[in-house]
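Please walk me through this model in the viewer, one selection at a time. For each stop, say what to select and what is found there.

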Amino acid sequence: MKNRFCSLSFLVALALGLTAGVAPALAAPRVIEITANDQMKFSVANIDAKAGEELKVVFKNVGTLPKEAMGHNWVLLKAGVDVTAFATAAMMAKDTDYIPAAKKGDVLASTPTLGPKKEAEVVFKAPAAGTYNFICSFPGHYALMKGTLTVK
Ligand code: ZN
């Protein structure tokens, strides 16, 4: 009896998960917490992952300066994307939250640009094996605010 109840609960949970368009709780993504501060630093410089692994980046701006002066985002770029070219175009892309419309296809995952004490999250699947750059594309930040996702 107990077993039947358990498997039934699982099926219900699975059905609910599918209905909601999200994976069931058993396949919850691995959470990676990254903070950004007024010193233009990410708390994480490298993320290791397995290809296809589901990841959830929880991104927090722990600074106190206003968004207009010290906003931060987290942008993961596809392999082979020219980071300098992307960041240069992003400087002019305030209206699209520093993701240049013409280079949207260069982005694997990104968060909105956050002001102080704000938090955002993004869920994505780790791409194929390789090294991927992530940056903050707020004007002038990418030289200091960068890191890599290493997928094996
Ligand atoms: Zn930044």
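Which residues of H3 are buried? Select helix H3, residues 83-91, in what is a predicted model. The buried residues here are Phe-86, Ala-87 and Ala-90. They span an arc of only 95° around the axis, so they lie on the same side of H3. Turn to the other side of H3, where Thr-84 and Ala-85 are exposed. Now show what covers the buried residues: E4 and E7 are included in that cover.

**The whole chain**

Zoom out and colour by secondary structure. The protein chain has three helices and eight strands, and from the N terminus on the elements run α-β-β-β-α-β-α-β-β-β-β. Of its 152 residues, 24% count as buried. Among contacts between residues at least 6 apart in sequence, 69% join residues at least 24 apart.

Next, colour by confidence. The mean pLDDT of the protein chain is 89, and 83% of the residues reach 70 or more. Select residues 10-14: the pLDDT there is below 50, and beyond near neighbours in sequence this stretch has three contacts in the model.

**The five-stranded sheet**

Select E2, E8, E7, E4 and E5, which form an open sheet in that order, with mixed pairing. At the edges are E2 (46-49) and E5, each of which pairs on one side only. From one strand to the next the twist averages 20°.

Within this sheet, isolate E2 and E8. These two strands pair in the parallel sense over four bridges. To check one bridge, select Ala-49, whose partner in E8 is Val-151.

Keep Val-151 displayed and add Pro-127, since the two are in contact. Pro-127 sits in the loop between E6 and E7. Is Pro-127 partly exposed or buried? Its count is 17 C-beta neighbours inside 10 Å, so Pro-127 is classed as partly exposed. Leaving aside neighbours within four places in sequence, Pro-127 also contacts Ala-51, Leu-108 and Tyr-132. A distance label between the C-alpha atoms of Pro-127 and Leu-108 should read 8.5 Å, for residues 19 apart along the chain.

**The three-stranded sheet**

Hide the previous selection and show E1, E3 and E6. These strands form an open sheet in the order E1-E3-E6, with mixed pairing. E1 (30-36) and E6 (119-125) are at the edges with a single partner strand each, so one side of each has no neighbour in the sheet. Direction ignored, neighbouring strands of this sheet are turned by 20° against each other on average.

Take the pair E1 and E3 (residues 54-61) next: the pairing is parallel and runs over seven bridges. As an example, select Ile-34 and find its bridge partner in E3, Phe-59.

**The nonpolar core**

Which residues touch the most other members of the largest nonpolar core? Select Phe-134, Ile-135 and Cys-136, which hold that place among its 23 residues. The elements giving two or more residues to this core are E3, E4 (75-77), H3, E7 (130-135) and E8 (146-151).

Centre the view on Cys-136. Not counting residues up to four places away in sequence, Cys-136 touches Ala-36, His-72, Asn-73, Trp-74, His-141, Tyr-142 and Met-145.

**Two positive phi values**

Move to the loop between H3 and E5 (107-110) and select Asp-97. Asp-97 has a positive phi of about 60° although it is not a glycine. With 16 C-beta neighbours inside 10 Å, this residue counts as partly exposed.

Add Tyr-98, found in the loop between H3 and E5. Its phi is near 65°, a positive value in a residue other than glycine. Is Tyr-98 buried or exposed? With 24 other C-beta atoms within 10 Å, Tyr-98 is buried.

**Last stop: H2**

Select helix H2, residues 67-70, and pick Ala-69 within it. Ala-69 has 11 C-beta neighbours inside 10 Å, so it counts as exposed. To finish, draw a line from the C-alpha atom of Ala-69 to that of Gly-115: the separation is 9.1 Å, for residues 46 apart along the chain.

How values were computed. Residues are numbered from 1 along each chain as its sequence is written. This is a predicted model: local features need pLDDT of at least 70, side-chain atom pairs count only at pLDDT 80 or more; totals for chains, interfaces and linings use all residues. Two strands pair if DSSP finds at least two bridges between them. Axes are lines fitted to C-alpha atoms, for helices over the stretch in contact, and angles run from 0 to 180 degrees between N-to-C directions. A nonpolar core is a set of buried Ala, Val, Leu, Ile, Met, Phe, Trp, Tyr and Cys residues joined through C-beta atoms within 7 Å. A residue is buried if 20 or more other C-beta atoms lie within 10 Å of its own, exposed if 12 or fewer, and partly exposed in between; C-beta atoms are placed from the backbone. Two residues are in contact if their C-beta atoms, placed from the backbone, lie within 7 Å. The arc is that of the directions from the helix axis to the C-beta atoms. pLDDT is the predictor's confidence in each residue, from 0 to 100.
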